[in-house]
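Subject: Structure handover, with notes

Dear colleague,

I am passing on the structure we talked about, and my notes follow directly below it. Please read them with the coordinates open beside you.

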Amino acid sequence: MNTILVIGATGMLGQAVTRQLKKDKYDVRVFTRSREKAVQIFNDEFDYYIGDVLDPDSLDKPLGNVYGIYINLSGDALVEGVRNIVSKAK
């Protein structure tokens, strides 16, 4: 199992990390609020999961069977979002 879930992939740092993970031969899942924005940035290179870290139930499917999680959040979503991710990842 070498799947990494990237939360915040469309941010400036998240884009570089997402691309590097793919170069390093990881299966990358992109968790995004906007599929259109993600596709505009990455084309159809990745599996996209639509949701919001502030909606814990939207994390269930993308977190299934992952090896690791990369989190790149800021602003209001940071504290509550990380709290939700950790809670669901257990």
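Phe-31 in strand β2 faces a partner across the sheet, namely Tyr-49, which stands opposite Phe-31 and belongs to β3. The two strands concerned, β2 and β3 (residues 47-50), pair in the parallel sense, and 4 bridges join them. Please bear in mind throughout that this is a predicted model. Between these two strands the chain passes through helix α2 (residues 35-42), and β2, α2 and β3 together make a β-α-β unit that is right-handed.

Strand β2 also pairs with β1 (residues 3-7), again in the parallel sense, and here the pairing runs over 5 bridges. In that pairing, Leu-5 stands opposite Arg-29 of β2. The connection from β1 to β2 goes through helix α1 (residues 12-23), and this β-α-β crossover is right-handed. As for the surroundings of β2 (residues 27-32), the strand is mostly covered, with 5 of its 6 residues buried.

One residue of β2 deserves a separate word, and that is Thr-32, which has its place in this strand. With a relative accessible area of 6%, Thr-32 is buried, because the cut-off for that class is under 20%. The side chain of Thr-32 reaches the backbone nitrogen of Ser-34, and the distance is 3.1 Å.

Two residues other than glycine have a positive phi, and you may wish to look at both of them in the viewer. For Lys-25 the phi value is near 75°, and this residue is placed in the loop between α1 and β2. Lys-25 has a relative accessibility of 66% and therefore counts as exposed, since that class begins over 50%. For Asn-65 the phi value is near 55°, and this residue lies in the loop that runs between α3 (60-63) and β4 (68-71). Asn-65 is likewise exposed, because its relative accessible area is 64% and the cut-off is over 50%.

Helix α3 offers two further residues with distances that can be checked against the coordinates. Asp-60 has its place in helix α3, and at 41% relative accessibility this residue counts as partly exposed. From Asp-60 to Tyr-70 there are 10 residues in sequence, while the distance in space, taken from C-alpha to C-alpha, is 16 Å. Leu-63 lies in helix α3 as well, but at 12% relative accessibility Leu-63 counts as buried. The C-alpha atoms of Leu-63 and Val-79 are separated by 18 Å, and these two residues are 16 residues apart along the chain.

Finally, there is the matter of pockets, which may be of interest for your own work. The largest pocket holds about 420 Å³ of space. It is lined by 18 residues, and those closest to its centre are Gly-8, Thr-10, Arg-33, Asn-72 and Leu-73. By residue class, the lining of this pocket divides into 7 nonpolar, 8 polar and 3 charged residues.

With best wishes

How values were computed: Residues are numbered from 1 along each chain as its sequence is written. This is a predicted model: local features need pLDDT of at least 70, side-chain atom pairs count only at pLDDT 80 or more; totals for chains, interfaces and linings use all residues. Side-chain values use heavy atoms; hydrogens and water are left out. On a 1 Å grid over the protein atoms alone, a cavity is a set of points where a 1.4 Å probe fits but cannot get out, and a pocket is an open set with protein on both sides within 12 Å along at least five of seven lines; lining residues have an atom within 4 Å of a point. Grid points are joined across faces, edges and corners, and a volume is the space filled by probe spheres set on the points. Ala, Val, Leu, Ile, Met, Phe, Trp, Tyr, Cys and Pro count as nonpolar, Asp, Glu, Lys and Arg as charged, and the others, Gly among them, as polar. Buried means under 20% relative accessible area, exposed over 50%, partly exposed in between (1.4 Å probe, protein chains only). Two strands pair if DSSP finds at least two bridges between them. A crossover is right-handed if, with the strands pointing away from the viewer, the path from the first strand over the helix to the second runs clockwise. A polar contact is a pair of N or O atoms within 3.5 Å; within protein, one must be able to donate a hydrogen and the other to accept it, and residues adjacent in sequence count only if both atoms are side-chain atoms.
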